[in-house]
Amino acid sequence: MKILLVFDFDNTIIDDNSDTWIVQCAPDKKLPIELQDSYQKGLWTEFMGRVFKYLGEEGVREDEMKEAMTSMPFTPGMVELFNFIRKNKDKFDCIIISDSNSVFIDWVLEAGNFHDVFDKVFTNPAAFDSNGHLTVENYHAHSCNRCPKNLCKNVVLVEFVNKQLQQGVNYTQVVYIGDGGNDLCPVTFLKKNDVAMPRKEYTLHKTLSRMSQNFEPMESSVVVWSSGMEIISHLQSLIKE
């Protein structure tokens, strides 16, 4: 019987947003106004596709992008947290569900030597095309009206848990660690035994606080964190129970 740990990536594993961080590679470290203004709500992946195309056309190469991405700092305490999970892999399964992309996450996990900590990564698939430009696609299509059209993290989580169940893996608990608005959907579907862990003072935390003030109770318990060290101490208490 294992506990399932679900991680967001941007502003959770890493202490910034990979999609905005990559703009450092652009000329003058900024995007042209018309490109900035082309973003439409809910269509972030399409917007990032245009950003990557622009970077490619400006001659930004794969190695430059990789260097920028791997210079992003991990969130405080995350390195210690991953080492703790690695030591206790018999007790935890660990997945990432992220609106970033497969290339960026792969680079970061490889640079930190953390690939072995994670059993699965669910994110928008990305690849370099024959021109050396990074391309990105939507992770899936879904019918959830609360989420951006490329990714409903709750759909991904439910599908994963059900698939594991079919293979005889039944999780005692799900612990969801995230920060953003798109982490709300999976968190509100957590069950009584589960734990929602929003990053302190980030969107998810503020939204959950507002919900509890409006008497919209969550089934799961909520444990706020600002460092991976706090997550470690909570996980230690769970595996002691």
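The following exchange concerns helix packing and annotated sites in a predicted model.

Me: Why are helices α4 and α6 called oblique to each other?

Reply: Helix α4 (residues 62-69) and helix α6 (residues 102-112) pack at an angle of about 60°, with their axes 9 Å apart. Roughly parallel requires an angle under 35 degrees, and roughly perpendicular begins at 65. The angle of about 60° falls in neither range, and α4 and α6 are therefore oblique to each other. In handedness, α4 passes α6 in a right-handed crossing.

Me: Which residues make the contact of α4 with α6, and what is its make-up by class?

Reply: On the α4 side the contact is formed by Glu62, Met65, Lys66 and Met69, and on the α6 side by Phe104, Trp107, Val108 and Glu110. Met, Phe, Trp and Val count as nonpolar, whereas Glu and Lys count as charged. The contact therefore has five nonpolar, no polar and three charged residues.

Me: What makes α5 and α10 roughly parallel or oblique?

Reply: The angle between helix α5 (residues 78-87) and helix α10 (residues 228-240) is about 25°, and their axes are 7 Å apart. An angle under 35 degrees counts as roughly parallel, so this description applies to α5 and α10. Their crossing is left-handed.

Me: How do the residues of the contact of α5 with α10 divide by class?

Reply: Helix α5 contributes Met78, Glu80, Leu81 and Phe84, while α10 contributes Gly228, Met229, Ile231, Ile232, Leu235, Gln236 and Ile239. Gly is placed in the polar class by definition. The division is eight nonpolar, two polar and one charged.

Me: How do you know that Asp19 and Asp99 cluster in space?

Reply: UniProt, in an unreviewed entry, places the feature "binding site" at Asp19 and Asp99. They are spread over 81 residues of sequence, yet the largest C-alpha distance is 9.4 Å. The lining of the largest cavity takes in both Asp19 and Asp99. Asp19 lies in helix α1 (residues 18-21).

Me: What is the largest C-alpha distance among Asp8, Asp10 and Asp179?

Reply: These three residues are covered by the UniProt annotation "binding site", again from an unreviewed entry. Their spread in sequence is 172 residues, but they cluster in space, with a largest C-alpha distance of 8.3 Å. Asp8 is located in the loop between β1 (2-7) and α1.

How values were computed:
Residues are numbered from 1 along each chain as its sequence is written. This is a predicted model: local features need pLDDT of at least 70, side-chain atom pairs count only at pLDDT 80 or more; totals for chains, interfaces and linings use all residues. Side-chain values use heavy atoms; hydrogens and water are left out. Axes are lines fitted to C-alpha atoms, for helices over the stretch in contact, and angles run from 0 to 180 degrees between N-to-C directions. Helices (H or I, at least four residues) and strands (E, at least two) are DSSP runs, numbered from the N terminus. Angles under 35 degrees count as roughly parallel, over 145 as roughly antiparallel, 65 to 115 as roughly perpendicular and the rest as oblique. A crossing is left-handed if the near helix is turned anticlockwise from the far one by less than a right angle, and right-handed if clockwise. Contact means heavy atoms within 4.5 Å. UniProt positions are given in the numbering used here, feature names are shortened, and annotations may be inferred rather than shown by experiment. On a 1 Å grid over the protein atoms alone, a cavity is a set of points where a 1.4 Å probe fits but cannot get out, and a pocket is an open set with protein on both sides within 12 Å along at least five of seven lines; lining residues have an atom within 4 Å of a point.
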